[in-house]
Amino acid sequence: MTAWDAAAKQGQWLVLLAAVLWGTTGTAQALAPAEASPVAIGAARLFIGGTALLAVAWRQGQVRAADWGRGPALAAAVAVALYQVCFFAGVAATGVATGTLVAIGSAPVFTGLVQWVAAAERPGRAWAAATVLAVAGCALLLGDGGQWQLNAPGIGLSLGAGAAFAVYTVASKRLLTAVPPSGTVALAFFGGALLLSPVVFWTEWAWLAEPRGALVALHLGLVATAGAYLLFGHGLARVPAPVATTLSLAEPLTAAVLGVVLLGERLSAVGWLGGGLILAGLGLLARGNGPVRRENAAPRMANSDARGQGFGQRR
């Protein structure tokens, strides 16, 4: 195994760990006080997580004032803010199962298209097959129990969430050529929190004063956002953007397992089949080849390695 292959495998595991942490989000929301609205929970998650990420990056010297003006940093911040708005509005309009599936299922497809156009990086066959398997598995898993709802505006908003996550991933991948992983996620999430700051003025926050509400917000902000996206950022530095978004489909599988173990939920045979398809897709992706560039990839990889080694000497 070459050094490049070893780094890619490490990156895949980091992204999978991030997806596992994201998968705790639904369980945490279910344990929040009843008066905590989804929008308030999402905003609190972003504010706490963004502030923590900025503190970590600032302490490590991995972000500086000039970085805020970089085009990819602005694009990533806008995408993070738009994702929160589109996802929660889409789920409210078309239901949890449909909204979640459309958002997370469309993200790898959008990422492959955006990466193809922006970086001349054509997704490979293994990625395409793995994505089809994993999205099909998500459809079975999230639709377990027949909870599908069709609502055109809701589906449009959920597609917007998938596109926003794709833009965030591709913009972050480009930003990683100049800013270390910790700085990259800090710029995106603290910037996104600033863009969503007007939400503070028309959202109820009394639930945060309750111990259970505070614990939920801290878990979502520090673990499911700051910790997860630090892992995702370091993983994204080692794998192509489309591969990272397909690996993130492990999130609903984690959420389903936690629902069964911690919340007493039940999965039918169809749901378990969906989970198996997700695992099959992720296994295929781990064994297969990543996206193939139209141009010669070897010099680009060498340059990327040199940039990665230079992160520590950036100051």
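Before I come to the first residue I want to show you, one definition: by a helix I mean a DSSP run of H or I with at least four residues, and the helices are numbered from the N terminus. With that in place, just after helix 3 you will find Gly-61, whose phi is positive, at about 70°.

What we are looking at is a predicted model, so let me say something about confidence before going further. The average pLDDT of the protein chain is 81, and 85% of the residues score at least 70. There is, however, a stretch, residues 289-315, over which the pLDDT falls below 50, although in the model this stretch has 43 contacts beyond near neighbours in sequence.

Back to helix 3, then, which covers residues 38-59. Its 22 residues reach 31 Å from the first C-alpha to the last, and that is close to the 32 Å expected at 1.5 Å a residue.

How does helix 3 pack against helix 4? The angle is about 160° and the axes are 10 Å apart; since angles over 145 degrees count as roughly antiparallel, helix 3 and helix 4 are therefore described as roughly antiparallel to each other. Their crossing is right-handed. On the helix 3 side the contact involves Pro-38, Gly-42 and Leu-46, and these meet Val-80, Gln-84 and Phe-88 of helix 4. Sorted by class, this contact has four nonpolar residues, two polar ones and no charged ones.

Helix 4, residues 71-94, also packs against helix 8, here at an angle of about 55° and with the axes 7 Å apart, and the two are therefore oblique to each other. This crossing, too, is right-handed. Helix 4 contributes Ala-73, Ala-76, Ala-77, Val-78, Val-80 and Ala-81, while helix 8 contributes Leu-187, Ala-188, Phe-189, Gly-191, Gly-192 and Leu-195. By class, that gives 10 nonpolar residues and two polar, with no charged residue in the contact. You may recall Val-80 from the contact with helix 3.

The last pair is helix 8, residues 181-195, with helix 9, residues 211-236; their axes come within 8 Å and cross at roughly 130°, which makes helix 8 oblique to helix 9. The crossing of helix 8 and helix 9 is again right-handed. From helix 8 the contact uses Pro-181, Ser-182, Val-185 and Phe-189, and from helix 9 it uses Thr-225, Tyr-229, Leu-230, Gly-233 and His-234. These residues divide into five nonpolar and four polar, and none is charged. Phe-189, listed here on the helix 8 side, was also among the residues of helix 8 that meet helix 4.

How values were computed: Residues numbered from 1 in each chain as written. Predicted model: local features only at pLDDT ≥ 70, side-chain atom pairs only at ≥ 80, totals over all residues. Heavy atoms only, no water. Axes fitted to C-alpha atoms, helices over the stretch in contact; angles between N-to-C directions. Parallel < 35°, antiparallel > 145°, perpendicular 65-115°, else oblique. Left-handed = near helix turned anticlockwise from the far one by under 90°. Contact = heavy atoms within 4.5 Å. Nonpolar A, V, L, I, M, F, W, Y, C, P; charged D, E, K, R; others polar. pLDDT = per-residue confidence, 0-100. Expected span 1.5 Å × (residues − 1).
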